[in-house]
Amino acid sequence: QVQPVESGGGLVQAGDSLTISCSARGGTFRTYPMGWFRQAPGKEREFVAAISWGGGNTYYADSVKGRFAISRDNAENTVYLAMTSLKPEDTAVYYCAAREGGSDYYVYWEDDEYDHWGQGTQVTVSS
């Protein structure tokens with residue numbers, strides 16, 4: 001089965017850009033719809049972005065629409081989250097998730113729709 005592993009988090013300033021990655025080990029990556037979620041201190045985990053297994057469809061939370069972009073490289077078994085115009089409120093642990101099955105073009109934004117989760121990568125945005 002697939003095991004997501006996030007990387008690329010760090011400390012940036014407000015207005016900066018940062019791209020985080022998720023490499024999926026095991027499984028057949030190209031058949032998994034993928035998603036990014038985040039959890040800030042003292043808050044519940046929330047949806048950020050999702051991409052269909054073919055990469056042809058994406059979906060974003062309103063809070064990041066126009067600033068973040070999700071993409072995937074199925075040949076490299078990797079999904080990316082490119083973040084621009086970062087704000088202090090984007091500070092959180094970012095988690096990558098993979099879903100078993102699902103038709104192409106479908107995206108999923110509820111965390112209980114995903115089956116495999118990474119350990120997370122910390123993104124901190126200073127003001």
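Two residues are in contact here when they have heavy atoms within 4.5 Å of each other. Keep that cut-off handy, and keep in mind that this is a predicted model.

**Exercise 1. Arg67 and its surroundings**

Work out where Arg67 sits, whether it is buried or exposed, and which residues it touches.

*Solution.*

Step 1: place the residue. Arg67 belongs to the loop that runs between strand 6 (58–60) and strand 7 (68–73).

Step 2: check the accessibility. The relative accessible area of Arg67 is 11%, and the cut-off for buried is under 20%. Arg67 is therefore buried.

Step 3: list the contacts. Skip the neighbours within four places in sequence, and Arg67 is in contact with Ala82, Met83, Thr84, Ser85, Leu86, Lys87 and Asp90.

Step 4: pick out what the side chain does with two of these. It reaches the backbone oxygen of Ser85 at 3.0 Å, and the side chain of Arg67 also makes a polar contact of 2.8 Å with the side chain of Asp90.

**Exercise 2. A closer look at Ser85**

Ser85 turned up in the last exercise as a contact of Arg67. Find its place in the chain, its accessibility and the sign of its phi angle.

*Solution.*

Step 1: Ser85 is in the loop between strand 8 and strand 9.

Step 2: its relative accessibility is 41%, so Ser85 counts as partly exposed.

Step 3: phi of Ser85 is near 45°, which is a positive value in a residue other than glycine.

**Exercise 3. Asn77, another positive phi**

Do the same for Asn77, then add its contacts.

*Solution.*

Step 1: look between strand 7 and strand 8 (78–83), and you'll find Asn77 in the loop.

Step 2: with a relative accessible area of 29%, Asn77 is partly exposed.

Step 3: its phi is near 55°, again positive in a residue other than glycine.

Step 4: not counting residues up to four places away in sequence, Asn77 touches Cys22, Ser23, Ala24 and Phe29. Hang on to Cys22 from that list, as the next exercise picks it up.

**Exercise 4. The disulfide**

How many disulfides does the structure hold, and which cysteines form a disulfide? Work out the handedness too.

*Solution.*

Step 1: the count is one disulfide.

Step 2: the partners are Cys22 and Cys96, with their sulfur atoms 2.1 Å apart. That fits the cut-off of within 2.5 Å.

Step 3: trace the link along the chain. Cys22 is in strand 3 (residues 18–25) and Cys96 is in strand 9 (residues 92–98). They are 74 residues apart, and the pair links distant parts of the chain.

Step 4: the torsion about the S-S bond of Cys22 and Cys96 is about -80°, so the disulfide is left-handed.

Step 5: both Cys22 and Cys96 are buried.

**Exercise 5. Arg38 and the largest pocket**

Describe the largest pocket, then show how Arg38 fits into the picture.

*Solution.*

Step 1: the largest pocket holds about 180 Å³ of space. It is lined by 13 residues, and the closest to its centre are Arg38, Ala40, Lys43, Glu46 and Glu89.

Step 2: sort the lining by class. You get two nonpolar, three polar and eight charged residues.

Step 3: zoom in on Arg38, which lies in strand 4 (residues 34–39). Its relative accessible area is 5%, so Arg38 is buried.

Step 4: follow the side chain. A polar contact of 2.6 Å joins it to the side chain of Glu46, and another, at 2.9 Å, goes to the side chain of Tyr94.

Step 5: beyond four places in sequence, the contacts of Arg38 include Arg45, Val48, Phe68, Glu89 and Asp90.

**Exercise 6. Arg45 and Asp111**

How many residues apart in sequence are Arg45 and Asp111, and how many Å apart in space? Say what joins their side chains.

*Solution.*

Step 1: Arg45 is in the loop between strand 4 and strand 5 (46–51). Its relative accessible area of 33% makes Arg45 partly exposed.

Step 2: Arg45 and Asp111 are 66 residues apart in sequence and 8.4 Å apart in space, C-alpha to C-alpha.

Step 3: their side chains make a polar contact of 3.4 Å, which is within the 3.5 Å cut-off.

Step 4: set aside the neighbours within four places in sequence, and the contacts of Arg45 are Phe37, Arg38, Gln39, Tyr95, Asp111 and Trp117.

Conventions: Residues are numbered from 1 along each chain as its sequence is written. This is a predicted model: local features need pLDDT of at least 70, side-chain atom pairs count only at pLDDT 80 or more; totals for chains, interfaces and linings use all residues. Side-chain values use heavy atoms; hydrogens and water are left out. Helices (H or I, at least four residues) and strands (E, at least two) are DSSP runs, numbered from the N terminus. Buried means under 20% relative accessible area, exposed over 50%, partly exposed in between (1.4 Å probe, protein chains only). A polar contact is a pair of N or O atoms within 3.5 Å; within protein, one must be able to donate a hydrogen and the other to accept it, and residues adjacent in sequence count only if both atoms are side-chain atoms. On a 1 Å grid over the protein atoms alone, a cavity is a set of points where a 1.4 Å probe fits but cannot get out, and a pocket is an open set with protein on both sides within 12 Å along at least five of seven lines; lining residues have an atom within 4 Å of a point. Grid points are joined across faces, edges and corners, and a volume is the space filled by probe spheres set on the points. Ala, Val, Leu, Ile, Met, Phe, Trp, Tyr, Cys and Pro count as nonpolar, Asp, Glu, Lys and Arg as charged, and the others, Gly among them, as polar.
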